[in-house]
Amino acid sequence: MRKSRPNHLAGFGSLVWLLVVGLPLYVMLVATFQSRPDYAANGPLAFPEHFTLDNYVNDLNSGFAQYFLNTVIVTVCVVGIVVLLVPPLAYTIVRSRGRATTTVFRLFLLGLAIPSQAVIVPMFFVISEAGLYDNLIGVILPTAAFAMPVCALILTGVMRDITPDLYEAMTVDGASPRRVFFQLVLPLSRSGVSTIVVFSALQAWNGFLFPLVLTQSVETKVITLGLYDFQTERGVDTPGLLAAVVLSMLPILIVYLFARRALVQGLMGVGGK
Amino acid sequence: MTRNAPPPADSGAVRSAGSSGSGSSGAGRPGFLWAVPAAVFFGLFAIVPLIMVAVLSFASWDGLSDPEFTGLDNWRTLLDDPVMIKSLWLSVLLTVLGVAVQTPLSILLGVWAAGHQRNRAVLSAIYFVPLLLSIAAVSVLWRAVLDPNLGVPAHATWLFGDGNLFGTQATAIGVLVFVSTWQFTPLHTLIYQGAARAVPPVLYQAAQIDGAGRVRQFFHITLPQLRNSIITSVILMVVGGLTTFDTVLILTQGGPGSDTTISAYYMYQKAFKSFDYGAASAIALLLVLVSTVISLIVVRLSGYDKMRSTMEGL
């Protein structure tokens with residue numbers, strides 16, 4: 001009775017889903033390694049006859065190297081802001097007993113419910129008034145702000161698991177809140193911090209609406225916007241377009257290989273708790 | 001002390017915050033000042049725009065002259081606007097279809113992935129990939145794969161008819177629901193996987209002794225035990241569905257005609273194509289109200305705002 005018989009139906013279903021997930025990824029990859037005429041002639045499912053890397057080279061030469069760099073800048077800055085601001089916030093939420101802190105926490109919980117679409121009109125004017133329209137800083141600031149609620153939620157969850165005894169032990173010795181934060185809280189919530197790093201990086205890298213509305217020139221274009229423009233302007237060049245899609249995915253997939261747990265935990269923090 | 005200086009925690013604030021607590025553990029607690037930088041930043045770039053949306057929804061504004069207070073005019077106009085009414089129905093339809101397709105699928109996948117077999121772990125890792133990609137990349141990818149002339153439908157006319165999935169309302173909606181499902185099923189699968197693993201094994205052992213088969217175990221043990229996760233997951237789908245924007249912009253541009261113009265996309269058109277910022281703000285406010293109500297329900301159900309009572313009474 002201990003070992004149940006294998007579930008063939010579930011096994012079959014899992015392979016069907018693998019096909020659904022894998023098919024477009026396969027089409028994407030094989031398309032990028034062939035020329036446009038070959039792709040048009042052989043169809044999306046055929047394996048490339050004449051292997052070529054031209055699509056990638058052309059994309060990088062026609063602006064995607066710049067877009068890639070812009071996206072890296074946005075991502076690094078967003079992560080920097082989040083990592084600087086959220087840990088002290090989470091520490092306060094977990095440890096402070098002030099009424100104001102509770103209010104702030106509720107404000108961030110409310111923030112979970114604000115979709116970025118909803119504030120895009122005033123954001124356009126706030127950023128324009130601040131002179132940051134078509135400037136990467138104008139993309140970075142709102143992107144970081146909208147990553148904060150989830151990050152705060154994740155990190156308070158982690159910090160709450162630090163047992164009160166440890167705080168007691170330090171405060172009995174007369175440690176200041178600052179010392180408690182740096183010597184106890186931060187070291188013990190390393191996993192949470194790496195989760196919010198990965199999560200906010202993902203938000204920044206994949207962000208689309210803020211760049212769409214808040215930038216316009218080639219110098220400030222991020223990679224998601226580059227994909228959209230490529231599609232609307234030169235969408236018939238499917239291999240070139242899909243090579244750009246692959247370029248946009250590459251860094252995330254590499255991070256996924258190395259930091260899968262932090263990422264999955266972050267996503268669980270959103271929905272699972 | 002090697003990192004950047006934290007916000008200064010002045011001792012007065014610490015003491016007053018601490019002394020309101022009980023007894024010995026009051027000392028050494030951070031003051032409110034520690035939360036100020038994050039609160040100010042978030043307030044400036046999320047709460048202030050939100051308040052502006054609410055104000056603008058009662059004003060007429062083209063973005064050039066000063067906004068003019070017009071009371072409920074925007075709301076009245078929107079309620080008389082057939083495209084707006086249609087967009088609300090389409091938002092609801094897309095959301096309901098999304099929930100109806102994704103929920104059974106992600107429950108099955110989640111329960112399946114909860115098993116600890118090695119092949120399941122490997123496949124789950126692959127299933128997860130679509131969730132990592134940007135909505136923009138996924139939409140561009142599917143648009144290319146489903147292209148009427150160069151994509152898969154052109155080579156599988158036995159399945160897709162004339163091959164133009166973007167040509168009729170029914171097929172265009174089908175594409176939108178399918179692409180969202182493709183991308184977001186992993187998120188919900190993950191929720192159900194965690195919940196399925198938390199089901200006490202003793203329940204299954206008891207059921208096996210009673211001779212219950214796999215199907216009965218699923219319906220009488222697993223499914224009832226997943227109740228809370230189903231609520232969470234469905235609410236996430238509802239909020240996500242109501243605010244779908246990128247997918248529509250890239251895959252269908254709201255077409256054919258206005259047949260897939262859902263509210264969030266209509267808001268974008270109102271604001272940045274016809275420069276009617278007042279009406280756009282009214283639509284935005286409507287979206288916020290709906291998703292706030294739903295999120296408050298989540299918070300209540302999960303007990304997240306009552307954190308103090310669980311850990312701090314010690």
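Is A:Asn70 buried or exposed? I began with this residue in what is a predicted model, and I found A:Asn70 to be buried, with a relative accessible area of 3%. I placed A:Asn70 in helix 3 of chain A, and, leaving aside neighbours within four places in sequence, I listed its contacts as A:Leu136, A:Val218, A:Glu219, A:Thr220, A:Lys221 and A:Val222.

**Entry on the two chains**

I then looked up the make-up of each chain. Chain A has 13 helices and 0 strands, and its elements, read from the N terminus, are therefore an unbroken run of α, as I noted against the helix assignment. For chain B I noted 16 helices and 2 strands.

Of the 273 residues of chain A, I found that 58% count as buried, while for the 314 residues of chain B the share is 51%. The accessible surface of chain A comes to about 11600 Å², with 64% of it belonging to carbon and sulfur atoms; for chain B I wrote down about 14300 Å², with 66% belonging to carbon and sulfur atoms.

I also looked at how far apart in sequence the contacting residues are. In chain A, among contacts with a separation of 6 or more, 71% are between residues 24 or more positions apart, and in chain B, among contacts between residues at least 6 apart in sequence, 65% join residues at least 24 apart.

**Entry on helix 11 of chain A**

How many of the 12 residues of helix 11 of chain A are buried? I counted 9 of the 12 as buried, so this helix is largely enclosed by the rest of the structure. The buried residues are A:Ile223, A:Thr224, A:Leu225, A:Gly226, A:Leu227, A:Tyr228, A:Asp229, A:Phe230 and A:Gln231.

I next asked which elements the buried residues of helix 11 of chain A pack against. Within chain A, I found helix 3 (54-95), helix 9 (190-206), helix 10 (209-214) and helix 12 (238-258), and from chain B I added helix 7 (135-145) and helix 13 (246-251).

As a check on the geometry of helix 11 of chain A (residues 223-234), I compared its expected and actual span: at 1.5 Å a residue, its 12 residues should span 16 Å, and its end C-alpha atoms are 15 Å apart, which agrees.

**Entry on B:Leu249**

Helix 13 of chain B led me to B:Leu249, which is found in that helix. At 3% relative accessibility, B:Leu249 counts as buried. Not counting residues up to four places away in sequence, B:Leu249 touches A:Phe208, A:Leu212 and A:Tyr228 from chain A, as well as B:Tyr265 and B:Tyr268 from chain B; I had already met A:Tyr228 among the buried residues of helix 11 of chain A. I also noted that B:Leu249 and B:Gln269 are 20 residues apart in sequence and 10.0 Å apart in space, C-alpha to C-alpha.

**Entry on a helix pair across the chains**

At what angle do helix 1 of chain A and helix 9 of chain B pack? For helix 1 (residues 8-32) of chain A and helix 9 (residues 169-197) of chain B, I recorded an angle of about 105°, with the axes 11 Å apart. The two helices are therefore roughly perpendicular to each other. On the side of helix 1 of chain A, the contact is made by A:Trp17, A:Val20, A:Val21, A:Pro24 and A:Leu25, and helix 9 of chain B contributes B:Phe178, B:Thr181, B:Trp182 and B:Thr185. Sorted by class, this contact has 7 nonpolar, 2 polar and no charged residues.

**Entry on A:Val150**

I looked up A:Val150 in helix 6 (residues 136-160) of chain A, where it is buried, with a relative accessible area of 14%. A:Val150 and A:Leu112 are 38 residues apart in sequence, yet 6.7 Å apart in space, C-alpha to C-alpha.

**Entry on positive phi values**

Most residues other than glycine have a negative phi, and I therefore set aside the exceptions for a closer look. Phi of B:Gln253 is near 50°, a positive value; this residue lies in the loop between helix 13 and helix 14 (263-272) of chain B, and with a relative accessible area of 38% B:Gln253 is partly exposed. Phi of B:Phe275 is near 55°, also positive; I found B:Phe275 in the loop between helix 14 and helix 15 (277-302) of chain B, and at 44% relative accessibility B:Phe275 counts as partly exposed.

Conventions
Residues numbered from 1 in each chain as written. Chains lettered and ligands numbered in written order. Predicted model: local features only at pLDDT ≥ 70, side-chain atom pairs only at ≥ 80, totals over all residues. Heavy atoms only, no water. Helix = DSSP H or I, 4+ residues; strand = E, 2+ residues; numbered from the N terminus. Expected span 1.5 Å × (residues − 1). Buried < 20%, exposed > 50% of the residue type's maximum accessible area, 1.4 Å probe, protein only. Contact = heavy atoms within 4.5 Å. Axes fitted to C-alpha atoms, helices over the stretch in contact; angles between N-to-C directions. Parallel < 35°, antiparallel > 145°, perpendicular 65-115°, else oblique. Nonpolar A, V, L, I, M, F, W, Y, C, P; charged D, E, K, R; others polar. Areas by Shrake-Rupley, 256 points an atom, 1.4 Å probe, with all protein chains shown as cover.
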